[in-house]
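Please look over the structure below before reading the notes. They move from the whole protein to a few of its parts.

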Amino acid sequence: MADQALPWPRTTGVPRRGAVSAFGMGGVNAHVILEEPPVAAPREPVPPRSHLVRVSAASEEAVRRLAAAYAEVFAASDDDRRTADLCHTANVGRSPLGYQSAVTGPTGPALAEQLRAVADGHLPVARVDTALAAAAPPATPDGPPDVWHEALADLARRGHPGIDWAALSAPGSRIVALPTYPFARGHYWHTRSAPATVATTAAAPPSTAPQPAASAGAPTATAAAPEALCTRWRATAPRTGGSAYGVTVRVVAADRAIEGVVSAALSAQGADIAAPGAPARALVVVAAPAAPTDAEPDLSGFWEQLREVTATLPAQARVVWVEHRSVPVDEADRALLDPAAAARAFTVRAAAAEHRFAVAALDLDAGDPAETRARQIAAEFAALRPGVNTAVAYRRGIRYAPEQVPARPGPATPLDGDGYHLVTGGLGAIGRRLVAHLVHGGARRVGIVGRSPADPGAEAFLAQLRPHAEVDYLRCDVADAAALTDAAASFGSRWGRLLGVVHCSGGVNPFGSLRRRPWSEAARVAAPKVAGSRNVTRLARAQGAGYVALVSSIAGALPHAGRGLVDYALANAYQLALAEAAGDDGTTVTAHAWPNWVGIGMEADESVAAGHSITLDQALTGFTAHLRTGGGVVFPGTAAPDSAPPTAPPTASAQPAPTAPALAVPAPTAPGPAAPGPAAPRPASAARPAAEPAPAAAPGPTYTLVRDAFVDVLGEDPGDCPLPDLGLDSLVIVDLTNAIERLGGITVDPSLVMRARTMADLAARLPGAAGAQPAAPQEAAGSGTPTPDADGPAPAPAPDLGALLRPLLVHGQQQGH
């Protein structure tokens with residue numbers, strides 16, 4: 001009887017019901033009544049259509065596991081109505097959680113294929129960002145469903161929370177069976193374990209003479225973790241308002257058709273398009289999209305043309321510079337990121353900060369129609385205002401802006417494995433601290449390379465390390481790929497595999513204007529950070545190393561920090577972009593954008609340490625925590641309230657020149673500090689070298705010129721106030737130099753501004769004044785400024801900016817792509 005199904009007669013119009021009772025010995029009683037569901041009404045077939053499926057979970061891993069489970073069910077659905085029900089169930093029948101992805105497709109099997117791509121990591125999963133709700137998609141998108149479904153899926157994969165999923169369900173859709181949530185399995189009882197840090201050894205930390213041992217090894221137990229930031233791109237409201245009426249603008253594009261479309265869009269905003277050869281007060285440059293390539297970038301043409309352009313544009317000019325593939329808005333962008341394009345865009349921003357131009361660096365979607373991109377360019381141009389220095393990206397019609405968010409520390413990195421660590425520039429001031437830090441953290445073998453021979457001080461440093469680890473030094477130029485490979489082969493033959501690379505090699509030119517810096521000088525700064533960074537990254541990947549740490553500078557992250565050091569800004573911006581583009585294929589590449597390390601790589605000058613800086617212990621703590629974070633990590637450091645003008649965040653400082661306390665001038669060829677740059681103002685009470693005698697200057701045209709320049713830059717006339725007491729830092733000095741040159745049509749050595757005691761003293765030193773000191777020939781040459789004659793400054797001819805820039809923008813001619 002128990003093995004036979006009992007008949008259950010049905011009564012017309014009465015649903016079947018059953019009851020189950022349960023009685024527990026502890027007194028718990030339960031009685032449940034069950035009723036069959038109503039008969040489903042017949043539904044019309046669903047016509048062939050595009051489907052959109054959301055996968056939501058509490059973590060990225062759970063989203064990918066759930067997508068794999070969904071894929072099995074969708075793969076078995078060959079009926080459009082069944083597929084529509086499954087989509088409806090996934091989209092509205094499950095609670096939205098903190099992470100999500102989405103896929104589209106015309107059939108169940110097609111959706112299953114896309115879901116497997118999510119499960120395998122080929123499609124992104126995003127954290128839901130409620131801040132994007134303001135940029136919600138339109139309620140009734142234009143175009144066929146397969147187009148706007150893909151656009152909505154893209155928004156979901158970027159973390160957009162504002163999609164109306166219920167409105168996407170096919171009419172008559174029902175909740176059906178679908179795999180349930182993949183709860184995480186794990187143990188949650190308390191365990192005692194030490195926090196994850198780098199491995200350490202019992203050996204005492206080696207010292208880095210002449211510094212005490214405590215300052216050369218790992219950070220002290222009380223060292224606070226420094227603030228660390230990374231850049232994320234957030235959707236923002238579309239640019240509205242603004243006008244270009246009365247502004248004469250030159251449009252230059254590699255593609256003449258694009259140039260015409262952009263000109264028309266600007267004209268619609270009221271701009272006047274400059275005729276060839278005519279002067280212009282604004283510039284719009286549209287670079288051509290370049291195909292992905294692994295070729296060595298050639299930035300020389302870009303640099304030389306940028307020098308000419310900055311010398312040609314008037315004060316307060318507007319500049320819109322358009323690149324493609326220069327910023328990673330999402331993971332899909334990251335795989336296509338072009339570090340050279342990123343470096344160009346940032347260098348334009350640093351040059352604009354130096355010359356007081358308003359600038360917007362745009363990154364546009366090359367897949368958008370030319371008319372769409374032209375409207376975006378015109379909107380940004382019309383909204384550009386004096387003092388603005390910004391970066392913007394557009395993807396699928398949505399405007400994105402960069403946002404600095406906290407950088408999460410990377411995974412713990414044991415340093416005591418079998419093999420060796422390679423440190424380039426390891427005999428420089430920063431390099432020595434990091435070498436000692438690796439040894440203190442457990443590294444048993446460290447190979448050091450650099451261009452300079454090991455002097456007695458370096459030999460003493462190596463001797464102090466050798467009781468604790470095997471350490472050796474080889475001369476090698478990291479910009480030479482073959483030489484670097486040979487050095488690594490030499491270390492590897494003795495010590496085995498390469499564990500990781502710390503790339504400290506770099507140099508910096510003396511502080512000075514972009515217009516005076518030919519590429520032959522800028523290349524010395526770019527080579528170790530552009531070619532060198534590419535070479536160490538390739539070497540690490542080829543040999544299966546776990547990490548590459550690129551020692552970079554905030555000069556490559558903050559445009560105002562690159563004033564007077566635009567070549568250094570270019571080199572460091574390339575490093576940061578290279579790390580962003582590297583991804584993680586087993587070798588994690590991280591670029592650390594450092595401020596000044598207090599007392600390291602420079603004289604321990606209180607006036608310098610007052611600027612944006614970080615202590616040695618903080619720096620080493622941050623280095624350890626973010627050794628394998630991946631991408632670009634910016635350490636803004638701490639700034640004294642009155643250390644610098646608010647619009648000019650200082651960079652890290654190198655050793656100041658003995659005759660110029662407010663100016664950092666490190667040796668160009670030294671492996672040296674991570675981020676040389678301007679110092680903070682010296683207090684009036686600080687000791688200053690005596691200024692050499694200068695001829696007296698009576699008020700006259702030259703004095704008026706100097707006064708007007710000070711009013712233009714500082715907003716006031718300092719009168720007879722001693723200039724050293726004004727606390728002029730290096731960034732202000734370059735502004736004053738540029739203002740004098742612009743107003744007087746002369747070439748000025750910045751050191752004249754630095755050495756002058758008063759405005760009258762400075763006026764007496766200028767070219768053309770009685771007793772003036774002539775400018776150095778190497779600074780006057782190629783400055784782009786006409787030499788005045790007896791009748792006053794000669795007017796500069798208005799060069800054709802199109803002729804200057806178009807060869808630069810044409811793919812393959814000067815970019816080296």
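The points below cover the overall make-up, one helix, one surface patch and two threonines. The model is predicted. The protein has 817 residues, and 51% of them count as buried.

**Whole protein**
- The protein contains 23 helices and 22 strands.
- Its accessible surface is about 35200 Å², and carbon and sulfur atoms hold 57% of that area.
- Among contacts with a separation of 6 or more, 79% join residues that are 24 or more positions apart.

**Helix α2**
- Helix α2 runs over residues 80-92.
- At 1.5 Å a residue, its 13 residues should span 18 Å, and this agrees with the 18 Å between its end C-alpha atoms.
- Ten of the 13 residues of α2 are buried, so the helix is mostly covered.
- The buried residues include Arg81, Asp85, Leu86, Cys87 and His88.
- Elements that cover the buried residues of α2 include strand β3 (51-57) and the helices α1 (60-75) and α3 (108-119).
- At the N-terminal end, aspartate 79 acts as a cap for α2: one of its side-chain oxygens is 3.0 Å from the backbone nitrogen of arginine 81.

**A nonpolar surface patch**
- Val20, Val32 and Leu34 make a nonpolar patch of about 260 Å² on the surface.
- Of these residues, valine 20 belongs to strand β1, which covers residues 17-23.

**Threonine 310**
- Threonine 310 is part of helix α6 (residues 300-312).
- Its relative accessibility is 6%, so threonine 310 counts as buried, the cut-off being under 20%.
- A polar atom of the threonine 310 side chain is 2.9 Å from the backbone oxygen of arginine 307.
- Setting aside neighbours within four places in sequence, threonine 310 has contacts with Ala351, His355, Phe357, Leu514 and Arg515.

**Threonine 390**
- Threonine 390 sits in strand β12, made of residues 389-395.
- Threonine 390 counts as partly exposed because its relative accessibility is 22%, and the partly exposed range lies between the buried limit of 20% and the exposed limit of 50%.
- Between threonine 390 and phenylalanine 346 there are 9.7 Å in space, C-alpha to C-alpha, and the two are 44 residues apart in sequence.
- Beyond its neighbours within four places in sequence, threonine 390 is in contact with Arg349, Val359, Ala360 and Ala361.

Terms used: Residues numbered from 1 in each chain as written. Predicted model: local features only at pLDDT ≥ 70, side-chain atom pairs only at ≥ 80, totals over all residues. Heavy atoms only, no water. Patch = residues over 30% accessible without salt bridge, like charges linked within 9 Å, V, L, I, M, F, W, Y side chains within 5 Å. Areas by Shrake-Rupley, 256 points an atom, 1.4 Å probe, with all protein chains shown as cover. Salt bridge = Lys/Arg side-chain N within 4 Å of Asp/Glu carboxyl O. Helix = DSSP H or I, 4+ residues; strand = E, 2+ residues; numbered from the N terminus. Expected span 1.5 Å × (residues − 1). Buried < 20%, exposed > 50% of the residue type's maximum accessible area, 1.4 Å probe, protein only. Contact = heavy atoms within 4.5 Å. Polar contact = N/O pair within 3.5 Å; in protein donor to acceptor, adjacent residues only side chain to side chain.
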